[in-house]
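I sat down with this one over coffee and kept notes as I went. Here is what I looked up, entry by entry.

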Amino acid sequence: MSNLKVVILAAGQGTRMKSKVPKVLHKVLDKTMIDYVITASRNAGAEDICVIVGHQSAMVKAMIGDGVKFALQKQQLGTGHALMQASDFIAEDGNILVLCGDTPLITAQTIKKLNDIHVSEDNFATVISAVVENPFGYGRIIRENGVFSKITEQKDATEAEKEIKEINTGVYIFKAKELKEAFKSLTNNNAQGEYYLTDVLEILKNNGGKVGIMTAEDENEFLGVNSKLQLSQASKIMKRRINEKLMIEGVTIEDPDNTYIGMDVEIAADTVILPGTILEGKTKIGSDCIIGPNTRIISSVVKDAVIIQHSTLINAEVDNFTTVGPYAYLRPNSKIGEHVRIGDFVEIKNSNIDDGTKVSHLTYVGDSDVGKNINFGCGTVTVNYDGRNKFRTTIKDNAFIGCNTNLIAPVTVEENAYIAAGSTITKDIPENALSIARSKQINKAEWRKKMNK
Ligand code: UD1
Ligand code: CA
């Protein structure tokens, strides 16, 4: 679709959300609602996108970031008024697609289809309608002899109109020039005192143009999120859509209702996702892994045949055949090699752990470079922070770290060194050495008996 310009309406506060966060920034799974609408537009081939911002515009703009244009609607005087703020963006010819920032389930295929119908029917405007069980809150499509007559909002509808189940999805495409002409006739003479975009369609019809209706095949795509309840409904539909796609591609998801996977997550076939798992951001998981139960992975790379249970990973990398958890925490910039074991109650931060190393339990490894085939005893701590600065710990291949060792950084443990349990290491340890850094044990004979006298 060449030259398709898109305007996304996102200036409203979303009063019905009862939130200090602007409506379009509420999340469906791991992404904001407006993100999905922008992504669908791009996937439909739209290159030029303008987002109408207003309520808390700085926050909305910051969250959306670069790559789109913005137009400001200072006062939220209605959807028609919102679109008028993009007058400079709307070209003098061609078409302009209009989407709402609160309909995150819209797909690129639907946008393309709308454009095709609009062009082939040579309409002034084409709107997507949907037939729904419960039309409450939506604008109703009023037809006369089967063709478009007007759209009536819930608050302006007569009792008879309220019975109509064909609703306005809020997705439209207009001929740019005719749209701009119609703006001149738009008034706010209605129950809410707003400039309704929906009235523009009636104006176009009265100006002699054709207004087409494309009836949606799947009304789920057009769920308009106005409340937290609808937000949860949208999340449920999105979750199902993503999980079904992954299962078709060969991923096993034991309980799809209880598994939350973001749209940008990639998972290879033959990986099993167990219940209570949340996979977010640009996470990439290889094949033959078992992930979960109750695991959260954010923007991390997990290679093949990895087992991760009851754990949290943020911006981490885990290589083939490694096991993580239960109850491990891999924080940003943790790179874990192959055949590594990260066991229970282990936290790793900003560290490299090379192949074959075992960090089995109750250990903190921060700001460290850890070699191959090292054994960490239970309760090891890399003491990386002196209250002001952070320092690195280096442990080379085949070293043995006894239980309850403190490694006061900066410190280096050379290859094959051996640290006795309970040591607090403050000096570098040479290759093959045994290091014992603890006070000597004293046994006082018969002490107990003397005390009890
Ligand atoms: C709107 C439609 C309704 C349709 C429904 C579909 C109108 C008048 N009504 O109603 O027919 O069935 O969407 O979901 O268009 N916005 C602005 N500036 C404003 C007002 C709204 O940018 O001044 C934005 C909002 O941020 C939102 C979108 O426009 O993203 C829709 O606004 P909303 O108030 O949710 O409209 P609805 O009452 O749902
Ligand atoms: Ca809405």
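**Notebook: a walk through the model**

I started with the backbone at helix α1, and found that Gly45, just after that helix, has a positive phi of about 100 degrees. A reminder to myself: this is a predicted model.

**Entry 1, helix α1.** I went back over the helix itself, which covers residues 33–43. Which of its residues are buried? I noted Met33, Ile34, Tyr36, Val37, Ile38, Ala40 and Ser41. For the bench, I jotted down the usual rule that an α-helix has 3.6 residues a turn, so residues three or four places apart point the same way.

**Entry 2, the calcium ion.** Next I asked which protein atoms serve as donors to the calcium ion, ligand 2. I found Asp102 (OD) and Asn226 (OD1), at 2.4 to 2.5 Å from the ion. I then checked where the two residues come from, and they link distant parts of the chain, 124 residues apart. Asp102 belongs to the loop between β6 (95–100) and α4 (108–121), while Asn226 belongs to the loop between β11 (211–215) and α8 (228–248). Are these two buried or exposed? Both Asp102 and Asn226 are buried.

**Entry 3, ligand 1.** I moved on to ligand 1, which sits in the largest pocket. How many residues surround ligand 1? I have 23 in my notes, and the closest are Gln73, Gly78, Thr79, Glu153 and Asn168. Two elements, α3 (79–84) and β10 (166–175), each give at least two residues to the shell around this ligand.

I then went through some polar contacts of its oxygen atoms. A polar backbone atom of Leu9 is 2.9 Å from an oxygen atom of ligand 1. For Gly139, a backbone N or O atom lies 2.9 Å from an oxygen atom of the ligand. Asn226 turned up again here: a polar side-chain atom of this calcium donor lies 3.3 Å from an oxygen atom of ligand 1. I also looked up the area: ligand 1 taken alone exposes 750 Å², and the protein buries 91% of that.

**Entry 4, cis prolines.** I checked omega next. The peptide bond from Gly292 to Pro293 is cis, with omega near 5 degrees, and Pro293 is in the loop between β18 (290–291) and β19 (296–298). The bond from Gly325 to Pro326 is cis too, again with omega near 5 degrees. I placed Pro326 in the loop between β24 (323–324) and β25 (329–330).

**Entry 5, positive phi outside glycine.** His310 is not a glycine, yet its phi is positive, at about 45 degrees. I found His310 in the loop between β21 (307–308) and β22 (312–314), and its relative accessible area of 24% makes it partly exposed. Asn333 is another non-glycine with a positive phi, of about 65 degrees. Its place is the loop between β25 and β26 (334–336), and I logged Asn333 as partly exposed at 40% relative accessibility.

**Entry 6, Ser232.** My last stop was Ser232, in helix α8. Why do I call Ser232 partly exposed? Because its relative accessible area is 39%, and the class runs from 20% to 50%. A polar atom of the Ser232 side chain lies 2.8 Å from the backbone oxygen of Leu229. I also took the distance from Ser232 to Leu114: 27 Å, C-alpha to C-alpha, with their positions 118 residues apart in sequence.

Terms used
Residues are numbered from 1 along each chain as its sequence is written. Chains are lettered from A and ligands numbered from 1 in the order in which they are written. This is a predicted model: local features need pLDDT of at least 70, side-chain atom pairs count only at pLDDT 80 or more; totals for chains, interfaces and linings use all residues. Side-chain values use heavy atoms; hydrogens and water are left out. Donors are N, O and S atoms within 2.8 Å of the metal (3.2 Å for Na, K and Ca); water is not among the atoms, so sites may look incomplete. Helices (H or I, at least four residues) and strands (E, at least two) are DSSP runs, numbered from the N terminus. Buried means under 20% relative accessible area, exposed over 50%, partly exposed in between (1.4 Å probe, protein chains only). A residue is near a molecule or strand if one of its heavy atoms lies within 4 Å of it. A polar contact is a pair of N or O atoms within 3.5 Å; within protein, one must be able to donate a hydrogen and the other to accept it, and residues adjacent in sequence count only if both atoms are side-chain atoms. Accessible areas come from the Shrake-Rupley method with a 1.4 Å probe; for residues, only the protein chains shown count as cover. On a 1 Å grid over the protein atoms alone, a cavity is a set of points where a 1.4 Å probe fits but cannot get out, and a pocket is an open set with protein on both sides within 12 Å along at least five of seven lines; lining residues have an atom within 4 Å of a point. A molecule sits in a cavity or pocket if more than half of its atoms lie within 2 Å of its grid points.
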